[in-house]
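Work through the following exercises with the structure in view, and try each task on your own before you read its solution.

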Amino acid sequence: MWQVDPTLDLLSKAVDVAAFRQAVHAANVANADVPGYQPLEVRFAPETSESTVAGFSSAQRLEEAAEQIPELAASAQGHVHLDEEMAQMAQNALRYQLLLGAFERTVGLLRYAAREGKEG
Amino acid sequence: MGLFGVLDVSAAGLKVQQARLDVAASNLANARTTGSSGGAYRPLEVVLHSSTHPLASGAAVNGGMTLPRPEVVGIMEKSAEPSLVYDPGHPDANKDGFVRLPGVDTVGSMVDLESISRGYEANLRVFDVTRSLIERLLSIGGRS
C-alpha cells in the first residue's frame, strides 16, 4: 500500500481497535444474562503490549506498532459485570473520538503541507 | 464486523430482555390462575443461548468474525410445585376443598423485573454510544 504518513496508518489502526473493543463490550452486555456465557476481552499478543504502541520513538517503530494485531480472549471474570463493561465502554468511546480527532488533525496538517502553507 | 454490526448485537440483547419481560409479566399476571384446559397455570421460563462463541475459531480484528449474540431458544414450563390453598367454595376446588394455585415465585419475578430493566437500559446505552461513534466517523472530513 502506498503510504502517505505512518501516523495516519497507526491512527486508523488504533481506531479499528477501539471499534473492535466497542463490539466486544456490546456483545458482553447483550449476553450478560445467558447462563454460562464467558465474557470476552481484547488483548494484544504477549510480546506486543499496548504500551509499546504508545511508546514509539521513530517512524520505524511506528510502522511496527501499526502491524500489531489485537486478539479476542476470554476474560478472567466468570460472568459479565455490567458496571465494569459500561465504564470501560465509556472510556473506549472517548478514546475512539479522540483518535478520530487526531486523525482529522493529521490530515489537516498534510493538506496544509500539500498546499505549500496556503490557507483555504 | 464493522460498527454497524455492533448495532445488531445490541438489538439482539434488547430482544432477549423483551422476551424475559413478557414471560415475567405473564407469570405475575397468572399468579392466581387456577383454571385452564390443563389445570392450573404453569409458570414459564425463558431459555437463553449464545450463538457461536468466537474463541473457538481464533478470530482477529479484521477476521470477519461474528460476535456472540443472545437468542431465545425456547420458553419452557418451570417445574414449580403448585401450592394448595383450602377454599371449598372455589369452582376449581377438588373434592377435599383445596385449590391448586400456580407456584409463581412473585418475589423472584419482581427481582427478575429489576434485572431485566437494568439489562434493557444497558443494551440501549450501548446502542446509543455505538450510534454516536458511527455518526462521529461519518462526520470525518466534513468540517474543514
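**Exercise 1. The aromatic pair**

Find how many aromatic pairs the whole structure holds over all chains, and classify the geometry of what you find.

Solution. A search of the whole structure, which is a predicted model, finds one aromatic pair over all chains. The partners are B:Y86 and B:F98, whose ring centres are 5.4 Å apart and whose planes make an angle of 65°. For the first step, compare the distance with the cut-off: ring centres must lie within 6.5 Å, and the value for B:Y86 and B:F98 is 5.4 Å. For the second step, turn to the angle: planes over 60 degrees apart count as edge-to-face, so the pair of B:Y86 and B:F98, at 65°, is edge-to-face.

As a last step, place the two residues in the chain. B:Y86 belongs to strand β3 of chain B, which covers residues 83-86, while B:F98 belongs to strand β4, residues 98-101; the two are twelve residues apart, and the pair links distant parts of the chain.

**Exercise 2. Exposure and the surface patch**

Decide whether B:Y86 is buried, partly exposed or exposed, do the same for B:F98, and then say which residues make a nonpolar surface patch.

Solution. Begin with B:Y86, which has a relative accessible area of 55%; because exposed means over 50%, B:Y86 counts as exposed. Continue with B:F98, whose relative accessible area is 31%; because this value lies between 20% and 50%, B:F98 is partly exposed. Finally, look at the surface around these side chains: B:Y86 and B:F98, together with B:L84, make a nonpolar surface patch of about 320 Å².

**Exercise 3. Chain B as a whole**

Describe the order of helices and strands in chain B, and then its burial, its contacts and the confidence of the prediction.

Solution. Chain B contains two helices and four strands, and along the sequence they follow the pattern α-β-β-β-β-α. Of the 144 residues in chain B, 35% are buried, and the accessible surface of the chain comes to about 8,300 Å², with 55% of it belonging to carbon and sulfur atoms. Among the contacts in chain B between residues at least 6 apart in sequence, 63% join residues at least 24 apart.

For the confidence, the mean pLDDT of chain B is 86, and 87% of its residues reach 70 or more. Over residues 58-63 of chain B, however, the pLDDT is below 50, although this stretch has twelve contacts in the model beyond near neighbours in sequence. For the complex, the predictor gives an ipTM of 0.84 and a pTM of 0.83.

Conventions
Residues numbered from 1 in each chain as written. Chains lettered and ligands numbered in written order. Predicted model: local features only at pLDDT ≥ 70, side-chain atom pairs only at ≥ 80, totals over all residues. Heavy atoms only, no water. Patch = residues over 30% accessible without salt bridge, like charges linked within 9 Å, V, L, I, M, F, W, Y side chains within 5 Å. Areas by Shrake-Rupley, 256 points an atom, 1.4 Å probe, with all protein chains shown as cover. Salt bridge = Lys/Arg side-chain N within 4 Å of Asp/Glu carboxyl O. Buried < 20%, exposed > 50% of the residue type's maximum accessible area, 1.4 Å probe, protein only. Phe/Tyr/Trp six-rings, centres within 6.5 Å; stacked < 30°, edge-to-face > 60°. pLDDT = per-residue confidence, 0-100. Contact = heavy atoms within 4.5 Å.
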